[in-house]
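Welcome! Please take a moment to look over the structure below before reading on.

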2 protein chains.
Amino acid sequence: MTALEQRFVQHFGEMGSRWGINRTVGQIYALLYLSDRPLNADEIAERLGFSRSNVSTGLKELESWQLVRLQHQTGDRKEYFSTPDDVWAIFRTLVAEKRKREVDPTLSMLREAMLETPVTSAESHALQRIRAMHDLIELTSRWFDDVQRLDSRTLTQLMRLGSKVQRILAARNRLSQAGNRNAKGH
Amino acid sequence: MTALEQRFVQHFGEMGSRWGINRTVGQIYALLYLSDRPLNADEIAERLGFSRSNVSTGLKELESWQLVRLQHQTGDRKEYFSTPDDVWAIFRTLVAEKRKREVDPTLSMLREAMLETPVTSAESHALQRIRAMHDLIELTSRWFDDVQRLDSRTLTQLMRLGSKVQRILAARNRLSQAGNRNAKGH
DNA sequence: TAGACTTTTCAGTAATTCCTGAAAGTCCAG
DNA sequence: CTGGACTTTCAGGAATTACTGAAAAGTCTA
């Protein structure tokens with residue numbers, strides 16, 4: 001393993017816990033991400049110095065995140081793993097999975113809670129807070145859903161635009177304001 | 001604690017590990033979020049059944065995330081804690097902190113790695129991958145920086161717009177395309 | 001269908017993270 | 001100063017999570 005790979009893999013291992021995955025999984029992913037060819041479990045285990053079974057579990061985990069692709073090589077019974085090429089595609093699956101695991105459960109808890117009828121004033125305040133959180137999460141995740149469907153090119157363009165979208169929004173507002181004024185007979 | 005709070009707090013405890021915080025911290029935050037008045041550490045400890053010291057640590061953690069606000073009540077030496085009211089503001093700090101802890105370190109590792117000169121073809125491929133990841137992360141985090149500065153109203157508007165921004169982009173593209181054609185004398 | 005090759009499961013151990021109670025630290029009023 | 005009201009620190013135990021080696025299960029070929 002070159003010094004470059006070494007450092008990259010190392011970093012993903014250390015960050016692992018912050019990202020909510022473990023060291024092993026992080027390092028396996030990092031190794032696959034940099035590799036210019038698919039690797040099999042034995043190669044991974046050997047290069048990273050993990051037990052074969054640990055690698056097996058780690059790969060299963062990565063598969064459940066849809067972050068690795070399994071393929072076979074002709075004349076070899078081993079399973080080979082690689083990561084998709086398009087980084088935007090990777091980003092999309094990452095966001096989608098995170099959403100499924102980390103926000104959807106919360107969203108449904110909030111939805112259920114919102115069916116409650118408040119009796120005390122404290123409870124009514126709590127419900128208000130719950131509603132606020134729910135609305136925010138719903139709005140942002142809908143937005144993600146929506147924007148995620150754009151192709152990589154458009155997405156990049158949108159990102160580059162950044163807060164300049166504000167200008168567009170401002171323009172729209174001026175237009176609709178003017179429209180309202182006219183409608184009201186000013 | 002009402003059944004409503006109970007469930008909410010419980011959920012934040014369970015999700016804690018997925019969010020990269022621990023049970024205690026999650027529950028403390030949840031309790032404060034719903035509360036209609038600031039709470040002191042003893043009240044929190046009592047309501048959640050945690051030791052006083054555990055609550056102290058948890059609150060320190062939340063302070064480091066800038067997610068709670070400390071205040072004093074006249075005639076009481078205890079410290080009282082609450083969460084900000086504006087959920088968008090909360091969201092912004094959350095994103096900012098996550099970025100600082102979870103992406104910035106990676107970004108600087110990638111930047112350093114990009115200074116390397118590849119010798120083998122494998123290394124050159126690795127560098128290419130590193131660059132791709134770097135560019136994506138840089139682009140998205142710049143975008144966040146940018147958009148985060150918008151006020152809550154505009155942000156909501158932007159979110160509601162969703163992928164309809166695509167149309168605006170498409171319109172812009174048509175315009176600049178037309179411009180190019182004209183410039184080229186078609 | 002035996003047997004070689006491969007992946008998965010799992011019980012036990014190692015490592016890490018969480019939590020507590022006790023002690024130490026801080027701050028202020030008298 | 002001193003005592004009391006409060007907060008923080010920290011060593012050690014509890015709980016959780018990660019990892020391993022061995023055994024089981026699966027899969028293909030001869």
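The paragraphs below walk through this structure step by step.

A word before we start: this is a predicted model. Let us begin where the two protein chains meet. Chain A and chain B each bring residues to their contact, with 51 from chain B and 51 from chain A. On the side of chain B that touches chain A, the elements giving two or more residues are α1, α2, α5, α6, α7 and α8 of chain B. The largest share there comes from α6(B), with 15 residues. Sorted by class, this side of chain B holds 27 nonpolar, 12 polar and 12 charged residues.

Since α6(B) gives that largest share, it makes a good next stop. Helix α6 of chain B runs over residues 121-148, which is 28 residues. How far apart should its ends be? At 1.5 Å a residue the helix should span 40 Å, and its end C-alpha atoms are indeed 40 Å apart, so the two values agree. The buried residues of this helix are B:Ala126, B:Ile130, B:Met133 and B:Val147. Their cover includes elements from both chains: α1, α2 and α5 of chain A, together with α5 of chain B.

Now turn to the DNA. Around strand C there are 18 residues, and the closest are A:Ser53, B:Asn22, B:Thr24, B:Ser53 and B:Asn54. Two or more residues of this surface come from each of α3 and α4 of chain A and α2 and α4 of chain B. The element that gives the most is α4(A), with 4 residues. By class, the surface near strand C has 2 nonpolar, 10 polar and 6 charged residues.

Strand D comes next. Of the 19 residues around DNA strand D, those that come nearest are A:Asn22, A:Thr24, A:Ser53, A:Asn54 and B:Ser53. Here α2 and α4 of chain A, along with α3 and α4 of chain B, each supply at least two residues. The largest share, 4 residues, comes from α4(B). The classes near strand D are 2 nonpolar, 10 polar and 7 charged residues.

Let us look at how two of these helices sit against each other. Two packed helices are described by the angle between their axes and the distance between the axes. For α3(A) and α4(A), the angle is about 115 degrees and the axes are 9 Å apart. Their crossing is right-handed. From α3(A), the contact is made by A:Ala41, A:Asp42, A:Ile44 and A:Ala45, and from α4(A) by A:Arg52, A:Val55, A:Ser56 and A:Leu59. That contact has 5 nonpolar, 1 polar and 2 charged residues.

Finally, zoom in on two single residues. A:Tyr29 lies in helix α2 of chain A. Is A:Tyr29 buried or exposed? With 26 other C-beta atoms within 10 Å, where 20 or more are needed, A:Tyr29 is buried. Leaving aside neighbours within four places in sequence, A:Tyr29 is in contact with A:Phe12, A:Leu62 and A:Leu67.

A:Gln66, in turn, is found in the loop between α4 and β2 of chain A. This residue counts as partly exposed, because it has 14 C-beta neighbours inside 10 Å. Not counting residues up to four places away in sequence, A:Gln66 touches A:Thr93 and A:Glu97. A:Asn173 lies 107 residues from A:Gln66 in sequence, and their C-alpha atoms are 41 Å apart in space.

How values were computed
Residues are numbered from 1 along each chain as its sequence is written. Chains are lettered from A and ligands numbered from 1 in the order in which they are written. This is a predicted model: local features need pLDDT of at least 70, side-chain atom pairs count only at pLDDT 80 or more; totals for chains, interfaces and linings use all residues. The expected span of a helix is 1.5 Å times one less than its number of residues. A residue is buried if 20 or more other C-beta atoms lie within 10 Å of its own, exposed if 12 or fewer, and partly exposed in between; C-beta atoms are placed from the backbone. Two residues are in contact if their C-beta atoms, placed from the backbone, lie within 7 Å. A residue is near a molecule or strand if its C-beta atom, placed from the backbone, lies within 6 Å of it. Ala, Val, Leu, Ile, Met, Phe, Trp, Tyr, Cys and Pro count as nonpolar, Asp, Glu, Lys and Arg as charged, and the others, Gly among them, as polar. Axes are lines fitted to C-alpha atoms, for helices over the stretch in contact, and angles run from 0 to 180 degrees between N-to-C directions. A crossing is left-handed if the near helix is turned anticlockwise from the far one by less than a right angle, and right-handed if clockwise.
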